There are 2 protein chains.
Amino acid sequence: MTEGFLPFPPAATAGQALAEVDTPALLLDLDAFERNLARMQAAADAAGVHLRPHAKAHKCPAVALAQMARGAVGVCCQKASEALPFLLAGVRDVHVSNELASPLKARALAQWARQARLSVCVDDAAQVDTLAEATREAGSSLDVLVEIDIGQGRCGVADAAAVQRLLQRLAPHPQLSFAGLQAYQGGLQHLRSRAERREQALRAAARAGEVVTALENAGVRCATVTGGGTGSVEWDLESGVYTELQPGSYAFMDRDYADNEAGALRFEHALFVATRVMSTAAGTHAVVDAGLKSLTLECGLPVLWPADGALAYTQANDEHGLVAGAPLPALGSLLRLVPGHCDPTFNLHDEIVAFRGERVEAVWPVAARGLSR
Amino acid sequence: MTEGFLPFPPAATAGQALAEVDTPALLLDLDAFERNLARMQAAADAAGVHLRPHAKAHKCPAVALAQMARGAVGVCCQKASEALPFLLAGVRDVHVSNELASPLKARALAQWARQARLSVCVDDAAQVDTLAEATREAGSSLDVLVEIDIGQGRCGVADAAAVQRLLQRLAPHPQLSFAGLQAYQGGLQHLRSRAERREQALRAAARAGEVVTALENAGVRCATVTGGGTGSVEWDLESGVYTELQPGSYAFMDRDYADNEAGALRFEHALFVATRVMSTAAGTHAVVDAGLKSLTLECGLPVLWPADGALAYTQANDEHGLVAGAPLPALGSLLRLVPGHCDPTFNLHDEIVAFRGERVEAVWPVAARGLSR
């Protein structure tokens with residue numbers, strides 16, 4: 001009676017049969033994942049554009065290292081705190097693709113910039129002042145990208161004149177280097193029609209191109225123009241505007257992206273949530289053990305995989321999901337779900353169970369999970 | 001260049017001014033929280049009903065200990081893995097208010113049961129067999145509650161006859177004690193009209209009462225009848241059916257529960273998400289740094305607090321929120337949001353910043369965050 005409480009066993013260990021994974025668990029099909037990485041890298045290489053995949057999607061250093069091993073130039077993070085696990089894992093080129101909401105975050109970034117290449121976005125003079133003070137104190141340098149709004153209507157300045165006002169604010173601070181522009185239009189990524197997505201992607205890229213040209217005409221060179229996403233990548237690549245792309249979801253493909261009408265550049269479902277049937281008492285449905293705390297619903301329900309149409313995940317409660325159809329799966333059955341939206345789903349899990357065929361190959365920590373500051 | 005990467009600073013430390021908290025952060029107003037705990041405990045005491053608050057709501061041992069210090073008999077957890085942080089914090093009476101989806105979970109529970117009183121639900125004979133084997137191996141005892149469906153249509157058996165079939169399955173296993181029934185109707189908790197909620201709560205309790213009576217007439221005593229929630233608690237208490245109640249949200253009050261028409265037993269907003277304005281470049285709205293990775297939307301958008309109607313949180317992206325209204329808050333402004341749904345929001349955060357007045361009093365780990373197995 002004195003031995004203490006034993007730890008709860010891990011969901012999976014390397015070498016284990018996939019069928020033995022405890023649930024709910026996040027699964028990554030390594031074969032599909034690696035094909036996705038290779039396809040995107042080949043497309044970027046063919047276009048002569050750098051690939052800087054977005055780590056906000058997965059928050060997992062092992063994923064980032066797999067992307068960089070295939071040619072990615074570094075990663076994007078969306079929050080300052082999110083960058084640290086990637087730096088600690090050896091990534092030495094991190095772009096924080098966002099404005100920082102507090103001086104504390106700028107000071108952390110400036111400290112880390114003593115040992116790595118870091119860049120960050122601004123869209124206000126006050127942000128420049130905060131970065132200047134933080135880097136002066138740390139004795140470090142940061143690359144600064146001005147974010148421009150190319151149609152999303154969220155962050156970013158409107159035009160080249162506004163960019164130039166920020167360049168004047170940057171000028172007295174040699175430790176802050178103007179590196180170029182960030183131009184991202186998230187709103188078009190999930191337009192279902194390929195024609196509509198193409199039109200809006202090219203319009204967004206054209207808007208970015210106009211700002212680049214206006215700056216060039218004023219003698220300002222944008223070494224980097226970064227943006228783009230999984231839903232627009234084919235046109236981002238052909239636009240000639242972007243020097244680097246930031247897609248994230250392509251490596252995993254959630255249900256929402258798969259609902260887009262695809263073109264020649266196709267990606268496969270590599271990410272799943274494993275779940276088990278925990279109750280069949282009702283008779284009309286099976287209850288599974290993955291609900292809102294194991295997958296997120298803002299982009300709709302998950303789908304069962306393989307998608308043979310016999311069964312559907314019809315409702316999510318916090319810790320339960322309902323599965324309907326015929327024949328209903330038996331108590332204890334292991335099912336695989338394709339999540340509706342990969343990014344916030346990764347953010348619920350501490351580990352990724354990476355498998356190949358029917359065997360667990362590795363368990364990867366989602367080390368940046370919850371790092372939202 | 002060799003000092004390593006400094007850790008990212010904590011969001012808050014005890015003694016700090018609340019205005020200095022880094023964002024996004026989960027805030028708990030201790031004065032309001034303690035009033036909520038006192039009100040619920042007093043109502044349960046007056047009715048002679050045990051209070052066993054649900055820890056799935058907050059996943060925080062410090063919250064559970066505060067509830068038990070005021071008279072709660074223990075906690076509920078919804079998953080086996082969720083129980084461990086509460087056991088490690090000294091809670092010695094944990095009810096897992098759910099069926100277990102795998103033998104691994106039963107084995108963990110059976111191990112822990114050597115040092116604590118643990119109970120768990122069943123609604124299928126196979127679950128009894130799994131618990132019997134796990135406890136036999138561990139040399140431990142578990143209390144078993146049969147879950148009955150009183151209208152939710154999720155887990156649980158239908159009637160007293162089905163309960164008795166499970167009692168026959170339990171009979172050969174002296175280490176599994178039948179402790180009574182679990183009867184929970186989650187579906188009625190958010191009916192807005194008080195009259196409608198009352199009617200359905202009393203109907204659900206009556207259904208539970210019928211099963212209890214039928215079992216009594218067959219010579220089977222239900223020592224415990226556990227269920228109920230924040231939205232139905234006043235009628236759960238007066239029903240005379242439940243021996244213990246499992247509410248969770250009353251301690252915090254999210255926007256969804258506050259939208260219910262309240263009766264005499266009222267609870268205050270104690271839980272907030274602190275966020276800062278990170279961009280005002282658009283001019284038409286402010287962008288704040290709390291989005292879908294800091295609060296969840298399945299029960300609707302958060303509201304700004306205090307709710308003076310001047311500003312509204314109108315849209316959540318993964319890491320951004322849009323705030324509209326007039327006058328727009330300035331860059332860097334600290335805002336407080338009441339989340340739409342407290343349970344999954346807690347599950348996104350590793351810490352609760354507990355404050356009193358304008359001062360941070362403590363930072364509590366959300367130790368069971370992410371423990372969904």
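Which hand does the crossing of α1(A) and α2(A) have, right or left? In this predicted model, the crossing of these two helices is right-handed. The contact behind it is built by F33(A), L37(A) and Q41(A) on the α1(A) side, and by V63(A), A66(A) and Q67(A) on the α2(A) side. Sorted by class, the residues of this contact comprise four nonpolar and two polar ones, with no charged residue among them. As for the geometry, helix α1 of chain A spans residues 30–47 and helix α2 of chain A spans residues 61–69; their axes lie 10 Å apart and the helices pack at an angle of about 45 degrees. Because angles from 35 to 65 degrees fall outside the roughly parallel and roughly perpendicular ranges, this angle makes α1(A) oblique to α2(A).

A second helix pair in chain A can be described in the same terms. Helix α6 (residues 160–170) of chain A and α7(A) have axes that come within 9 Å and cross at roughly 55 degrees, which means that α6(A) is oblique to α7(A). From α6(A), the residues A160(A), V163(A) and Q164(A) take part in the contact, and they meet V211(A), A214(A) and L215(A) of α7(A). Five of the contact residues are nonpolar and one is polar, while none is charged. The crossing of α6(A) and α7(A) is right-handed.

Attention now turns to charged side chains. Side chains of opposite charge can pair when their charged atoms come close. Over all chains, the structure holds 42 salt bridges. One of them joins K105(B) to D22(A), with the closest N and O atoms 3.0 Å apart. This pair crosses between chains: K105(B) sits in helix α4 (residues 103–112) of chain B, whereas D22(A) belongs to the segment before β1 (25–29) of chain A. Both K105(B) and D22(A) are buried.

Helix α7 of chain A, already met in the packing with α6(A), also contributes to a salt bridge. Here the side chains of R194(A) and E234(A) meet at 2.5 Å, N to O. The two partners come from distant parts of the chain, 40 residues apart, with R194(A) in helix α7 (residues 194–217) and E234(A) in helix α8 (residues 233–238), both of chain A. R194(A) has a relative accessible area of 26%, so this residue is partly exposed.

Within chain B, R117(B) and D93(B) form another salt bridge, their closest N and O atoms being 2.8 Å apart. Because R117(B) lies in strand β5 (residues 117–122) and D93(B) in strand β4 (residues 93–96) of chain B, the pair ties together parts that are 24 residues apart in sequence. What sets the partners apart is their accessibility: R117(B), at 32%, counts as partly exposed, whereas D93(B), at 15%, counts as buried. In chain A, salt bridges that share partners join R52(A), D93(A), R117(A), D143(A) and E244(A) into one network.

Finally, where does G332(B) lie? This glycine is placed in the loop between β14 (321–325) and β15 (334–338) of chain B. Its relative accessibility is 32%, so G332(B) counts as partly exposed. Apart from neighbours within four places in sequence, G332(B) is in contact with R276(B) and V277(B). The second of these partners, V277(B), is 55 residues away from G332(B) in sequence, yet the C-alpha atoms of the two are 4.9 Å apart in space.

Terms used:
Residues are numbered from 1 along each chain as its sequence is written. Chains are lettered from A and ligands numbered from 1 in the order in which they are written. This is a predicted model: local features need pLDDT of at least 70, side-chain atom pairs count only at pLDDT 80 or more; totals for chains, interfaces and linings use all residues. Side-chain values use heavy atoms; hydrogens and water are left out. Axes are lines fitted to C-alpha atoms, for helices over the stretch in contact, and angles run from 0 to 180 degrees between N-to-C directions. Helices (H or I, at least four residues) and strands (E, at least two) are DSSP runs, numbered from the N terminus. Angles under 35 degrees count as roughly parallel, over 145 as roughly antiparallel, 65 to 115 as roughly perpendicular and the rest as oblique. A crossing is left-handed if the near helix is turned anticlockwise from the far one by less than a right angle, and right-handed if clockwise. Contact means heavy atoms within 4.5 Å. Ala, Val, Leu, Ile, Met, Phe, Trp, Tyr, Cys and Pro count as nonpolar, Asp, Glu, Lys and Arg as charged, and the others, Gly among them, as polar. A salt bridge is a side-chain nitrogen of Lys or Arg within 4 Å of a carboxyl oxygen of Asp or Glu. Buried means under 20% relative accessible area, exposed over 50%, partly exposed in between (1.4 Å probe, protein chains only).
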